[in-house]
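Biologist: I should like to request a close look at one part of this protein, namely its sheets, together with the helices and the spaces that accompany them. Please present the answer as one connected account that a first-year student can follow.

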Amino acid sequence: LRYADVVRATMDTETFSNAAQPRYGKPLPPLEVDPPHHRVYRRALQPFFTPERVKQIEEKIRPLTAALVDRLVAEREVDLARELAYPVPVFGLCALVGAPSGNWSAIKTMSENSLMLDSDKAAERALAREAHEGLMAMSRGMVADRRQHPRDPSTDITSALLAARIDDETMDDETAAGSLRLLFSAGHNSTTSAIGNALVHLAEHRDHQDTLRSNPDAIPAAVEELLRLYTPVQQMLRVATRDTELHGCPIKKGERLGMFWSAANRDPEVFADPDSYRPDRSPNRHIAFGHGIHTCIGSPMARMEIRLTLEELLARTSGFEATGPIERPPFHRIGVTRLPARLYAQA
């Protein structure tokens, strides 16, 4: 739970493995693999998340987001979770992988359903596996298309994966599809949660809303504080590869360790007044996107999508407020599945 202990565990990949617990049998790289192979996948994907690439994606999805917000403002009574926080990150994902943005709803539904694998209900676990297979089928289709119609690996992420070399051999189709499958889910679910959290906070604090509306340059710093305060992914697990101890707690080989990003982000030893919203907090060394080699590779895109959503909504409204019960997903996510709201257009 402590910031220092969480950071220590993330940095010791030999003792705390992320490859020993694939959720669907075959590991989904790069998240579910350890060094040295982890570096291969990471290196293949990294060029697609540079500031220049993220800016290009922003230019593609901003008009879609602006049009969406215009429609919501005209409707006035809306669900900001389902109608704004859900689609925007999938717009970004579609731009990243070269999929039509019109497919966002199907991708989102399958991705949401795939998160229910740990449910205590058999029907939901079955739905999760069905959704996983649907996303794998979509990923395999993209890989097959690139095999038949090759594209430039420097501009097409699927082609970049197929060109990557592991142990001096190019990546096989199923492994490449698995990596794409990870993007189809991890590439937007946590960002949807983060946007929803930000919208709830601002809907409940009109003064914070007005401050950002009058000073849009302050939005990036506010995004960082909202990520810290309402960490969208509460925890991730590692598996101990040997008997060890952490902060005096004995851990046996094979046992799972839960690293609570959310608790670390409110550790008073690191963050003064940790339960308060302080958008001018500096430095803000939160670990909402993880830490170490498995830090979310898409974090630059996530930050852009949260910022862009707030910019477009605040610019087009004079205010917004929650009008009904707010619903949230089950642990281990902290997000919003329903946010009924009233939007007030700019005069």
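Modeller: What follows is a description of the two sheets, then of the helix contacts, and then of the empty spaces. The model is a predicted one.

A general remark will help with the sheets. Strands of a sheet pair through backbone hydrogen bonds, and the pairing is either parallel or antiparallel.

Consider the sheet that contains β1. It is an open sheet of three strands, ordered β1-β5-β8, and its pairing is antiparallel. The edges are taken by β1, residues 16–17, and by β8, residues 256–260. Each of these two has a single partner strand, so one side of β1 and one side of β8 is left without a neighbour in the sheet. Strand β5 covers residues 235–240, and five bridges join β5 to β8 in the antiparallel sense. To find one of these positions in the structure, take L237, whose bridge partner in β8 is G258. A helix accompanies this sheet: α1, made of residues 3–11, lies across β1 and β8. The direction of α1 makes an angle of about 125 degrees with that of β8.

The other sheet to examine contains β2. It is likewise described as open, with three strands in the order β2-β10-β9 and antiparallel pairing. Here the edge strands are β2, residues 77–79, and β9, residues 317–322, and each of them pairs on one side only. From one strand to the next, the twist averages 30 degrees. Strand β10 comprises residues 340–345, and five bridges connect β10 with β9, the two strands being antiparallel. Two positions show how β9 and β10 are matched. A322 stands opposite A341 in β10, and G319 stands opposite Y344 in β10. On the β2 side, three bridges link β2 and β10, again in the antiparallel sense. There, D79 is found opposite P340 of β10.

We may now turn to the helices. Two packed helices are described by the angle between their axes and the distance between the axes.

One such pair is α5 and α6, the latter being residues 104–114. Their axes come within 10 Å and cross at roughly 105 degrees. That angle makes α5 roughly perpendicular to α6. In the contact, α5 contributes P87, V90, F91, L93 and C94, and these meet W104, I107 and K108 of α6. By class, the residues of this contact are seven nonpolar and one charged, with no polar residue among them.

Another pair is α10 and α11, where α11 covers residues 206–214. Their axes lie 5 Å apart, and the helices pack at an angle of about 105 degrees. It follows that α10 is roughly perpendicular to α11. The residues that meet are H201, L202, A203 and E204 from α10, and R206, H208, Q209 and L212 from α11. This contact divides into three nonpolar, three polar and two charged residues.

Some of these helices also border empty space. Rolling a probe the size of a water molecule over the atoms shows where empty space is left.

The second largest pocket holds about 260 Å³ of space. Its lining consists of 13 residues, of which R53, K60, A95, L96 and T155 are the closest to its centre. The elements that give two or more residues to this lining are α3, residues 51–75, and α5, residues 87–97. The helix α5 thus appears both in the contact with α6 and in the lining of this pocket. The greatest contribution to the lining is that of α3, with four residues. Sorted by class, the lining has six nonpolar, three polar and four charged residues.

A cavity, by contrast, is a space from which the probe cannot get out. The count gives one cavity of 30 Å³ or more. The volume of the largest cavity is about 40 Å³. The residues that line this cavity are A194, N197, A198, V223, L226, L227, Y230 and I306. Two or more of them come from each of α10, residues 189–204, and α12, residues 219–229. The lining of the largest cavity has seven nonpolar residues, one polar residue and no charged residues. The helix α10 therefore has a place both in the contact with α11 and in the lining of the largest cavity.

Key: Residues numbered from 1 in each chain as written. Predicted model: local features only at pLDDT ≥ 70, side-chain atom pairs only at ≥ 80, totals over all residues. Heavy atoms only, no water. 1 Å grid on protein atoms, 1.4 Å probe; cavity = no way out; pocket = protein on both sides within 12 Å on 5 of 7 lines; lining within 4 Å. Points joined across faces, edges and corners; volume = space filled by probe spheres on them. Nonpolar A, V, L, I, M, F, W, Y, C, P; charged D, E, K, R; others polar. Pairing = 2+ DSSP bridges. Contact = heavy atoms within 4.5 Å. Axes fitted to C-alpha atoms, helices over the stretch in contact; angles between N-to-C directions. Parallel < 35°, antiparallel > 145°, perpendicular 65-115°, else oblique.
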